[in-house]
Amino acid sequence: MEKKYYHYTPATRLEEIIESGQINLAFKSINKKTEKPCAWVSTNSLWEQTATKIYVDSEGRMCQMKFREQLEIFGCARIQVEPKGLFSWQALKKIANMDKKQARLMELKGIQMGGKPSQWFGSLKPITIDNWICAEIFDGEKWVEYDSFVHVNEVHEAA
């Protein structure tokens, strides 16, 4: 079975991403000046657990939402992308010049959240709309194609 690559995001951000025409680089995870930011994707076909939002509770503790909480509050969306220009987690750590200790902490935290580093991929360039296959929203039971993207993509392909 062929791998599929998805950028997972809250549904509340999907329209903004589509309008921008690109999946931007994540600068928040940068730990040193020489590190390169990445646009993140996953081969997890259900949901990339590390894409689930974190919140601060009433006592100031950082807590991870459950998938259902994220679905109810922000919604869950994904954009399937072409694999060109993507690097595996193992390669990306080196190519992006990640701090080894911080990369290991990301792995451990990601595993703790339910993620699998073997499913993590990234790009050192924004992933533009011409490399997108489809956009989908999780409706509570299954992934369904996002109508706004279908229209935008048809316009983009006609241009």
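Here is a short back-and-forth about this predicted model.

Me: How many residues does β1 give to the lining of the largest pocket?
Reply: That pocket has a volume of about 1200 Å³, and among the 33 residues that line it, the closest to its centre are Y8, A26, W40, T50 and A51. Several elements, β1 (5-10), α1 (11-20), β2 (22-23), β3 (39-42) and α4 (100-113), each supply at least two lining residues. The one that gives the most is β1, and its share is five residues.

Me: How many nonpolar residues are there in the lining of the largest pocket?
Reply: Let's split the lining by residue type. Six of its residues are charged and ten are polar. That leaves the nonpolar group, which comes to 17.

Me: Which residues form a nonpolar patch on the surface?
Reply: Start with M62, which lies in strand β5 (residues 62-64). Exposed means over 50% relative accessible area, and M62 has 64%, so M62 counts as exposed. Together with its partners, M62 has about 320 Å² of accessible area. The patch is made of I54, V56 and M62.

Me: Is D57, which forms a salt bridge with R61, buried or exposed?
Reply: In the D57 and R61 pair, the closest N and O atoms are 2.8 Å apart. R61 counts as partly exposed because its relative accessibility is 48%. For D57 the relative accessible area is 16%, and the cut-off is under 20%, so D57 is buried.

Me: What is the N to O distance in the salt bridge where the side chains of R61 and E59 meet?
Reply: Side chains of opposite charge can pair when their charged atoms come close. E59 counts as exposed, since its relative accessibility is 60%. The cut-off for a salt bridge is within 4 Å, and for R61 and E59 the N to O distance is 3.3 Å.

Me: About how many helical turns separate E107 and R104?
Reply: These two form a salt bridge, with the closest N and O atoms 2.7 Å apart. E107 counts as buried at 8% relative accessibility, while R104 is partly exposed at 43%. Both sit in helix α4, and because they are three residues apart there, the separation is about one helical turn.

Me: Which residues are joined into one network by salt bridges that share partners?
Reply: The structure holds seven salt bridges. R61 pairs with D57, and R61 also meets E59. Sharing partners like this joins one network, made of D57, E59 and R61.

Me: How far apart in space are S20 and I129, C-alpha to C-alpha?
Reply: S20 lies in helix α1 and counts as partly exposed, because its relative accessibility is 43%. In sequence, S20 and I129 are 109 residues apart. In space, though, the C-alpha to C-alpha distance is 8.8 Å.

Me: Which residue other than glycine has a positive phi near 60°?
Reply: Most residues other than glycine have a negative phi. The place to look is the loop between α3 (89-95) and α4. The residue there has a relative accessible area of 31%, so it counts as partly exposed. The residue with the positive phi is N97.

Notes
Residues numbered from 1 in each chain as written. Predicted model: local features only at pLDDT ≥ 70, side-chain atom pairs only at ≥ 80, totals over all residues. Heavy atoms only, no water. 1 Å grid on protein atoms, 1.4 Å probe; cavity = no way out; pocket = protein on both sides within 12 Å on 5 of 7 lines; lining within 4 Å. Points joined across faces, edges and corners; volume = space filled by probe spheres on them. Helix = DSSP H or I, 4+ residues; strand = E, 2+ residues; numbered from the N terminus. Nonpolar A, V, L, I, M, F, W, Y, C, P; charged D, E, K, R; others polar. Patch = residues over 30% accessible without salt bridge, like charges linked within 9 Å, V, L, I, M, F, W, Y side chains within 5 Å. Areas by Shrake-Rupley, 256 points an atom, 1.4 Å probe, with all protein chains shown as cover. Buried < 20%, exposed > 50% of the residue type's maximum accessible area, 1.4 Å probe, protein only.
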